[in-house]
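Me: Please take one part of this model and describe it closely, beginning with its own residues and then moving outwards to its surroundings.

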Amino acid sequence: MGRGKRGLLAAAVTVVCAVTVLAVPGTAFASAPAGPADPSPTPSASATPAPAVTPAPVPDAELEKVRARLDGLYHDAAVATDAYNAAEEKTRKQSVQLARLEKRTDAARKKLAELKDQAGAAARAQYRDSGMPPMARFLLSDNPEHFADGAGTLLNGARATKKLIAETDRVERELKRDTDDAAARWKKLERDRKDKAAARKTIQARIKDAEKLESRLEEKEKERLAELERQAARKAQTAWLDTGVLKKKADTASVTATSAGAEAVAFATAQLGKPYVWGAEGPDSFDCSGLTSRAWADAGTLIPRTSQEQWKQLSHVDVTEMRPGDLIIYFADATHVGMYVGDGKIIHAPRPGRTVTVAGAGTMPILGVVRPDA
């Protein structure tokens with residue numbers, strides 16, 4: 001409950017106390033004679049100071065509303081974090097493509113300059129031959145041997161000229177295509193950078209709102225809020241386990257971790273205790289998909305950077321067949337991911353203010369399971 005509510009509560013208690021005093025039976029109030037007011041009245045001997053008002057504790061129902069509001073703010077931050085990570089990945093790829101295009105266009109420009117030099121050399125050679133075209137010299141030759149030699153030279157020259165023209169045309173087309181492609185990629189890169197900036201702004205705003213909301217709570221209320229969160233997590237995990245999902249695994253061999261899966265789990269386990277930082281993918285901090293993508297990269301398998309793309313691109317498996325190393329995607333919009341480590345548990349980077357930790361796999365709404373090494 002905020003300070004505003006406590007102020008209202010204190011005021012209400014004060015009013016109640018005043019009304020109670022006025023209502024005491026047998027209390028007489030004598031009328032004072034008219035005259036100047038005494039600026040320093042003598043306090044009554046029977047008067048006692050009003051007791052200090054202790055703020056009423058915030059009811060659990062109110063803390064539940066706070067918890068729901070915090071969950072919503074951090075979920076919004078997670079959505080924006082996925083958007084930020086996606087934009088970051090796009091800008092990275094666009095930058096690589098632009099670097100390649102720059103090399104290609106530089107090479108094309110050099111090649112085009114060489115071809116133009118060759119064309120210029122041919123023109124200069126013709127000028128040195130008194131400007132007479134090779135065809136004219138060939139036709140005017142009256143020497144049979146020169147005629148034969150001229151025929152071969154003319155044919156080779158024609159072929160070389162045709163090849164030179166075709167090569168020049170091809171290089172010019174490639175240069176234009178790559179230049180146009182680079183221009184389009186620069187525009188897309190700029191859009192991706194704007195998307196990153198917008199997502200960053202949203203993330204920072206939502207986290208600031210959540211921190212502001214939490215700062216209004218007293219220390220004891222924060223402890224009770226944390227306990228309510230733990231209770232909710234235990235309840236959700238118990239309900240998930242009660243479905244018998246772990247008992248439905250018919251073939252034990254099919255749900256044993258692969259060597260790559262075991263390596264990914266080992267990497268994730270080694271990160272326990274490291275802080276959550278949005279947009280981070282190690283080595284000192286992680287967000288949820290930063291942890292899972294780095295863990296599988298360490299195991300030799302490159303997977304998409306964001307939880308949403310992991311859900312879209314990786315192979316789906318039934319939750320009853322999941323094995324250690326598989327990724328569990330959470331929420332309908334696929335905005336959170338954790339790595340299944342067996343025994344109904346995951347390792348994940350929860351949210352700002354928390355650290356990489358072990359949690360029950362059923363503590364959040366499961367969208368589905370994906371397998372990086374399918």
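Reply: A residue is called buried here if its relative accessible area is under 20%, exposed if it is over 50%, and partly exposed in between, with a 1.4 Å probe and the protein chains only. The model is a predicted one, in which local features need a pLDDT of at least 70 and side-chain atom pairs count only at pLDDT 80 or more, while totals for chains, interfaces and linings use all residues. Residue numbers start from 1 along each chain as its sequence is written, and side-chain values rest on heavy atoms, with hydrogens and water left out.

The part chosen is strand E2, which spans residues 327-330; strands (E, at least two residues) and helices (H or I, at least four) are DSSP runs numbered from the N terminus. In a regular strand, side chains alternate between the two faces of the sheet. E2 is covered on both of its faces, since Leu327 and Ile329 on one side and Ile328 and Tyr330 on the other are all buried.

E2 belongs to an open sheet of six strands, ordered E1-E6-E2-E3-E4-E5 and paired in the antiparallel sense, where pairing requires that DSSP find at least two bridges between two strands. In this order E2 sits between E6 and E3, whereas the edges are formed by strand E1 (315-317) and strand E5 (357-360), each of which pairs on one side only. On average, and with direction ignored, neighbouring strands of the sheet are turned by 40° against each other; such axes are lines fitted to C-alpha atoms, for helices over the stretch in contact, and angles between N-to-C directions run from 0 to 180 degrees.

On one flank, E2 pairs with strand E3 (residues 336-342) in the antiparallel sense over four bridges, and within that pairing isoleucine 328 has glycine 338 as its bridge partner. E2 and E3 also form a hairpin with five residues between them, and phenylalanine 331, which lies in the turn, has a positive phi of about 70°. On the other flank, four bridges join E2 to strand E6 (residues 366-371), again with antiparallel pairing, and here isoleucine 328 stands opposite valine 369. Isoleucine 328 thus has glycine 338 as its partner in E3 and valine 369 opposite it in E6.

Helices come next in the surroundings of the strand. Helix H7 (residues 288-298) packs on the sheet and touches E2, E3 and E4, contact meaning heavy atoms within 4.5 Å; the direction of H7 makes about 50° with that of E3. Helix H6 (residues 259-270), in turn, lies across E3 and strand E4 (345-348) and runs at about 110° to E3.

H7 also leads from the sheet to the largest cavity, for H7 and helix H2 (60-128) each supply at least two residues of its lining. A cavity is a set of points on a 1 Å grid over the protein atoms alone where a 1.4 Å probe fits but cannot get out, and its lining residues have an atom within 4 Å of a point. The residues that line the largest cavity are Ala78, Thr81, Asp82, Asn85, Tyr276, Asp287, Cys288, Ser289 and Thr335, and H2 gives the largest share of them, four residues.

Beyond these surroundings, one further residue may serve as a contrast. Arginine 191 is found in helix H4 (residues 144-215) and counts as partly exposed because its relative accessibility is 48%, whereas Leu327, Ile328, Ile329 and Tyr330 of E2 are all buried.

Terms used:
On a 1 Å grid over the protein atoms alone, a cavity is a set of points where a 1.4 Å probe fits but cannot get out, and a pocket is an open set with protein on both sides within 12 Å along at least five of seven lines; lining residues have an atom within 4 Å of a point.
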